Amino acid sequence: MERIECLLFDLDYTLYPSSADILAPCNEGIIKFMVQRLAIRPDDAAHMCLSLYKSHGTTMAGLVSLGYTFDYDEFSEFVCSFLPYHVLRPDPALRSLLLSLPQRKLVFTNADKAHAIKVLSRLNIEDCFERVICLETFNIKGSARIVCKPSLEAFHHAISVAGLDPSKTLFFDDSLHNVEAAKLAGLHAILVGGCVRGIVCIESVHMLKEALPVLWQEEGNDVSGDELMQNAVDETLVVPSEVVSLPTS
């Protein structure tokens, strides 16, 4: 049986906990951009910010779909200027865990490259990943639409550009919509930081070794992606003391 060959990680609130909450001021920055640069009324901007995020994956993608034109780099730089990156600290435990994993490791985020590099650098894990799949990977500046998670198109693009075999790839994300889309794209997927019946969940990526020790299994004892996830959809991997034993054969 073929083993899991690649681990695909979301960035924000997946590789660091939501308690860090560096994205809390993000909406403020987006709303200010909409008001100051796109001449949208403040009350309308606040409502649109949330609704477009829910319907399109990012507010930026939603604004572009409505016909608003603006420089993507300017938007990202403006919004990210509100984020308190200083609250993120190097994470030696996460770094050690990532480096110990034998699989390919990639980041797949809706954010732009500058934000991704800042976060990974602050956590001191930027060299733990083969590449970062981000906004610029398959979105041309000035295009009439933005492709991003949770669209299947975004996952298919990510699979293509990284040369992934979905059946041998395990995806981690804090968004239920993204996890569900990943599964539709053929990936194995785990929800991080949530608890949803019917979805394999884990409280934190820091618990990977306790939750999924088979990822470190020797080459001679290969475990397929199907075996890794089989019978686990009704379990929630929350803390090491409550971890279920996933089937290995």
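**Aromatic pairs and a central strand**

Counted by the distance between ring centres, this structure holds 13 aromatic pairs, and it should be kept in mind throughout that the model is a predicted one. One of these pairs is formed by Phe 33 and Phe 78, whose ring centres lie 5.6 Å apart and whose planes meet at 65°, so the pair is edge-to-face, the class for angles over 60 degrees. This pair links distant parts of the chain, since Phe 33 belongs to helix 1 (residues 26–38) and Phe 78 to helix 4 (residues 72–80), with the two positions 45 residues apart.

Both partners are shielded: Phe 33 counts as buried because its relative accessibility is 1%, and Phe 78, with a relative accessible area of 14%, is buried as well. The two rings also belong to a wider group, in which ring pairs link Phe 33, Phe 70, Tyr 72, Phe 75, Phe 78 and Phe 82 into a cluster.

From the helices the reader may turn to strand 1 (residues 6–9), where Cys 6 and Leu 8 point one way while Leu 7 and Phe 9 point the other way, and all of them are buried. Strand 1 pairs in the parallel sense with strand 2 (residues 104–108) over 4 bridges, and in this pairing Cys 6 stands opposite Arg 104. Strand 1 also runs parallel to strand 4 (residues 169–173), to which 4 bridges join it, and there Cys 6 stands opposite Thr 169.

A charged side chain meets an aromatic ring at Phe 108, where Lys 149 lies over the face of the ring, at 5.0 Å from its centre.

How values were computed: Residues are numbered from 1 along each chain as its sequence is written. This is a predicted model: local features need pLDDT of at least 70, side-chain atom pairs count only at pLDDT 80 or more; totals for chains, interfaces and linings use all residues. Side-chain values use heavy atoms; hydrogens and water are left out. Rings of Phe, Tyr and Trp (its six-membered ring) pair if their centres lie within 6.5 Å; planes under 30 degrees apart count as stacked, over 60 as edge-to-face and the rest as tilted. Buried means under 20% relative accessible area, exposed over 50%, partly exposed in between (1.4 Å probe, protein chains only). A charge sits over a ring if NZ of Lys or CZ of Arg is within 6 Å of the ring centre and within 35 degrees of the ring normal. Two strands pair if DSSP finds at least two bridges between them.
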